Amino acid sequence: MRNALGVILAGVVSVVVITAVWFWTYSPRLALAAPDTVSARQAARLSATGSAKPARALADEIEVTAAISAKSSATTASTIAASTAVPSAPVPATPVQPKTACANPDALGVSRVVEIDTTGGPGFGFEHFKQFDFLADKEVVLTFDDGPWPVNTPAVLKALADECTKAVFFPIGKHATYHPAILRQVAAAGHTVGAHTWSHANLNSKKISEQQAKDEVEKGFSAVKLALGAAPSPFFRFPELQHGPAAMAYLGTRNVAIFSCDLDSFDFRAKDAAQIVNTVMTKLDKSGKGIILMHDFQKHTAEALPTLLGRLKAGGYKVVQMRAKAALQTLAEYDEGLVKDMKLPTASTRPLGNVVQTVSQ
Ligand SMILES: [Zn+2]
């Protein structure tokens, strides 16, 4: 009996010892592997003038928030510091879209999503800004300017949806006030929406004062916000890629990222859709990657897009979506000024009969 008890006791002791050894050997590793988030980076301080840009590492500006496939995340790792973390503090500019299944099994899709920290107003697009080379070979970013516009913008949205892919849109403020419902379709489809001034003014023109340039920028963003009912991304593209120095400095103080491009499709002067496809593919095959500038405002672009997206897929190109880390805080004076300018009705829910009554006839 004593022997039997001894055997049981020895057995229990052995299990405890083995468990303890296992715990001390493996648990620190598990603990290290566990956190899926990192603390958000502290915002860089702006210089007093706002014109001097802080020297910042690429990984500070761009963060990979989602890798769609294992294959694409492998490409990512070599180019920029990949992180699976989603910073918790700022409000995301693009609300997370409910994941809808792609009906096209052979779609171009989105290979990865990058999140941009727009602090200090970083510039993108090698035609003007060479600091942040974040695209890997065969990666493209699709961008569309000058919308929203009837027929053409919806056609662009359909072509993108058919390929389950995403783009960045730079709408003109005035157009956003003409066709807010179309712009809401753009945002609802999960695309990134920035702004492209109020009236497409050349902000590098000598005729434009600093105040007018500021008005064009802010009113443009406020118009997009008014149309969307939500704050736009702090992404801006200068009309005609005319980068006025004062406006550049101003955008820096507003923490708005500036978009030039790597490849200009020159779609606005193309004689037909085929010419746009040829221009883009020829340039792309030479450069191997890049931010592509197109216009959802243009009929030929809308017509060219299904073919162009098919050619991108066939050529082994992958689409990267750019998103902002936080939404732009528009300025109240411009939000309010816009409502006044547009002579929008004051909000009243009182029925007509309560407001206007015939008292004599
Ligand atoms: Zn434009």
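User: What is the mean pLDDT of the protein, and what share of its residues reach 70 or more?

Analyst: The mean pLDDT, the predictor's confidence in each residue on a scale from 0 to 100, is 80, and 70% of the residues reach 70 or more. Over residues 15-55 the pLDDT is below 50, and this stretch has 31 contacts in the model beyond near neighbours in sequence; contact means heavy atoms within 4.5 Å. Residues 67-89 also stay under 50, with 36 contacts beyond four places in sequence. Where pLDDT is low, the predicted coordinates should not be read in detail.

This is a predicted model, in which local features need pLDDT of at least 70 and side-chain atom pairs count only at pLDDT 80 or more, whereas totals for chains, interfaces and linings use all residues. Residues are numbered from 1 along each chain as its sequence is written, and side-chain values use heavy atoms, with hydrogens and water left out.

User: How many helices and strands does the protein have, and what makes a run count as one or the other?

Analyst: The protein has 12 helices and 11 strands. They are DSSP runs numbered from the N terminus: H or I over at least four residues for a helix, E over at least two for a strand.

User: What makes Asp146, His196 and His200 donors of the zinc ion?

Analyst: Donors are N, O and S atoms within 2.8 Å of the metal (3.2 Å for Na, K and Ca), and sites may look incomplete because water is not among the atoms. Asp146 (OD), His196 (NE2) and His200 (NE2) lie 2.0 to 2.1 Å from the zinc ion, so they satisfy the 2.8 Å limit. Their spacing along the chain is D-x49-H-x3-H. Asp146, in the loop between strand S4 (139-145) and helix H4 (152-162), and His196, in the loop between strand S6 (192-193) and helix H7 (210-228), are 50 residues apart, and this pair links distant parts of the chain.

User: Why is Val110 called buried?

Analyst: The relative accessible area of Val110 is 13%. Buried means under 20%, exposed over 50%, and partly exposed in between (1.4 Å probe, protein chains only), so Val110 is classed as buried. Val110 lies in the loop between helix H3 (70-79) and strand S2 (112-116). Its C-alpha atom is 6.8 Å from that of Lys318, although the two residues are 208 apart along the chain.

User: What makes the group around Leu142 and Phe144 a nonpolar core?

Analyst: A nonpolar core is a set of buried Ala, Val, Leu, Ile, Met, Phe, Trp, Tyr and Cys residues joined through side-chain atoms within 4.5 Å. The largest such set has 51 residues, and those with the most contacts inside it are Leu142, Phe144, Leu160, Leu305 and Leu312. Among the elements giving two or more residues to this core are S4, H4, helix H9 (273-287), strand S10 (290-295) and helix H10 (299-314). A second, separate core of 16 residues includes Phe124, Phe132, Phe134 and Val141.

User: How do you know that Lys313 and Asp106 meet in a salt bridge?

Analyst: A salt bridge requires a side-chain nitrogen of Lys or Arg within 4 Å of a carboxyl oxygen of Asp or Glu. For Lys313 and Asp106 the N to O distance is 3.8 Å, so the pair qualifies. Lys313 lies in helix H10 and Asp106 in the loop between H3 and S2, so the salt bridge ties together parts that are 207 residues apart in sequence. Lys313, at 33%, is partly exposed, whereas Asp106, at 54%, counts as exposed.

User: How many salt bridges result from this rule, and which residue does Lys289 meet in one?

Analyst: The count comes to 9. Lys289 meets Asp133 at 2.7 Å, N to O; the residues are 156 apart, in the loop between H9 and S10 and in the loop between strand S3 (123-124) and S4 respectively. Asp162 and Lys158 form another salt bridge, again at 2.7 Å, and both lie in helix H4, 4 residues apart, about one turn of the helix.

User: What makes the backbone at Pro148 and Glu240 noteworthy?

Analyst: Most residues other than glycine have a negative phi, and most peptide bonds are trans. Gly147 and Pro148 are joined by a cis peptide bond with omega of about -10°. Glu240, which is not a glycine, has a positive phi of about 60°. Glu240 is also exposed, because its relative accessible area is 53%.
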